[in-house]
Amino acid sequence: MSGGAGDGNGDGNGAESGAERRVRIVVEYCEPCGFEATYQELASAVRDEYPDIEIESRLGGTGAFEIEINGQLVFSKLENGGFPYEKDGPEPQRLHRQVLQRQRVGAAAETPTGWTCRDECKYECMWLTVRLYQQGGHRVPQFHGKWPFSRFLFFQEPASAFASFLNGLASLVMLLRYRAAVPPAAPTYPTCVAFAWVSLNAWFWSTVFHTRDTALTEKLDYFCASAVVLHSVYLCCVRTLGLQRPALISIFRAFLLLFLAGHISYLSLVRFDYGYNLVANAAAGMLTVAWWLRWCLRQGRRLPHVWKCAAAVLLLQALALLELLDFPPLLWVLDAHALWHIGTIPLNVLFYSFLMDDSLYLLKANSDLFKVD
């Protein structure tokens, strides 16, 4: 559940007021590359319009043209491959006038939509770089490993955020329907209700993460998604093995909880490894799919409702392939990840429908067994 570019975790010094905060710009450039003239042009424009701003330079490595404002890197030619303005445009310093105006208010100041000056600077620089790439006929790159997205109000990735919200809403509606239709005496009732709450929590944090990508919201999104994946394995185990083997399911539950704790601890305290997280969740997901499908094939003739489970897990696995496409967002809003989230909405409804039918079947089977006894 990866986010788009343009995020920022900037925090200003609360002891300094916006009016008193002095702006200092440092430009690091490559002298043998002939970038000194570019620096002088930028410095002259800044000094002419903002005499009280301190701007200085230092020599950098080959190809460097890096700009820092109050110690914060706001543009890197080494990373973005171009200069921070269009030389042939009618206002070549337009972007940096905006940056400096915002910086003078204070790095901690927020726009009405909740974005700080530092966030706005990164966002503006990102889109200027995108335009330069497009004008040069080049493929638009990812920024810090993420595609650029057009924000809507305070939503950083509008399509993914809205789709996550709809998934959460679908889960909530189906949870309410499940609790209304299935008595608590059903054998799988506690496990199914717990699965619904874990899923609701994950979709909530997915919505938050796609609304505002920060280090904290990213971790909460990833960790809660892992909890859903592992709870899916647990739900499958309870339904296929645990009803007759309660001791086995207790051991398996303890193992999954320990694994989740270790997974979160490693990513939090040792290294936030995207590759490891992907492999761990994919392995658990593949295990769940294979386990459910094997059970569905064996129970298909006896339980007519298992087709819902088989269809849901197969289609979910097929939709996961969208993550491999990883194409630039359509209209800078709709990417493969958003399409995956949109596709899971009806599958959520289908799988909860299976859980409802199956719980009622088990309740009736237990009731018939008691009557025979």
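**Confidence, a helix pair and two loop residues**

Colleague: Happy to look at this with you! What is the mean pLDDT of the protein?

Modeller: This is a predicted model, and 82% of its residues reach a pLDDT of 70 or more. Residues 86-95 are below 50, with 17 contacts beyond near neighbours in sequence. Residues 102-109 also stay under 50, and there the model has 25 contacts beyond four places in sequence. For the protein, the mean pLDDT is 81.

Colleague: Thanks! Is H5 roughly parallel or antiparallel to H6?

Modeller: Helix H5 covers residues 158-181 and helix H6 residues 189-211, with axes 8 Å apart and an angle of about 160° between them. Angles over 145 degrees count as roughly antiparallel. Therefore H5 and H6 are roughly antiparallel.

Colleague: How many nonpolar, polar and charged residues does the contact of H5 with H6 have?

Modeller: On the H5 side the residues include Phe165, Leu172 and Arg179, and they meet H6 residues including Trp197, Leu200 and His210. By class, the contact divides into twelve nonpolar, nine polar and one charged.

Colleague: Nice. Now the loop between H11 and H12: is Trp332 buried or exposed?

Modeller: Most residues other than glycine have a negative phi. Trp332, in the loop between H11 and H12, has a positive phi near 60°. Its relative accessible area is 19%, and the cut-off is under 20%, so Trp332 is buried.

Colleague: And is Leu331 buried or exposed?

Modeller: Leu331 sits in the loop between helix H11 (322-325) and helix H12 (336-372), and has a positive phi of about 55°. With a relative accessible area of 78%, Leu331 is exposed.

How values were computed
Residues are numbered from 1 along each chain as its sequence is written. This is a predicted model: local features need pLDDT of at least 70, side-chain atom pairs count only at pLDDT 80 or more; totals for chains, interfaces and linings use all residues. Side-chain values use heavy atoms; hydrogens and water are left out. pLDDT is the predictor's confidence in each residue, from 0 to 100. Contact means heavy atoms within 4.5 Å. Axes are lines fitted to C-alpha atoms, for helices over the stretch in contact, and angles run from 0 to 180 degrees between N-to-C directions. Helices (H or I, at least four residues) and strands (E, at least two) are DSSP runs, numbered from the N terminus. Angles under 35 degrees count as roughly parallel, over 145 as roughly antiparallel, 65 to 115 as roughly perpendicular and the rest as oblique. Ala, Val, Leu, Ile, Met, Phe, Trp, Tyr, Cys and Pro count as nonpolar, Asp, Glu, Lys and Arg as charged, and the others, Gly among them, as polar. Buried means under 20% relative accessible area, exposed over 50%, partly exposed in between (1.4 Å probe, protein chains only).
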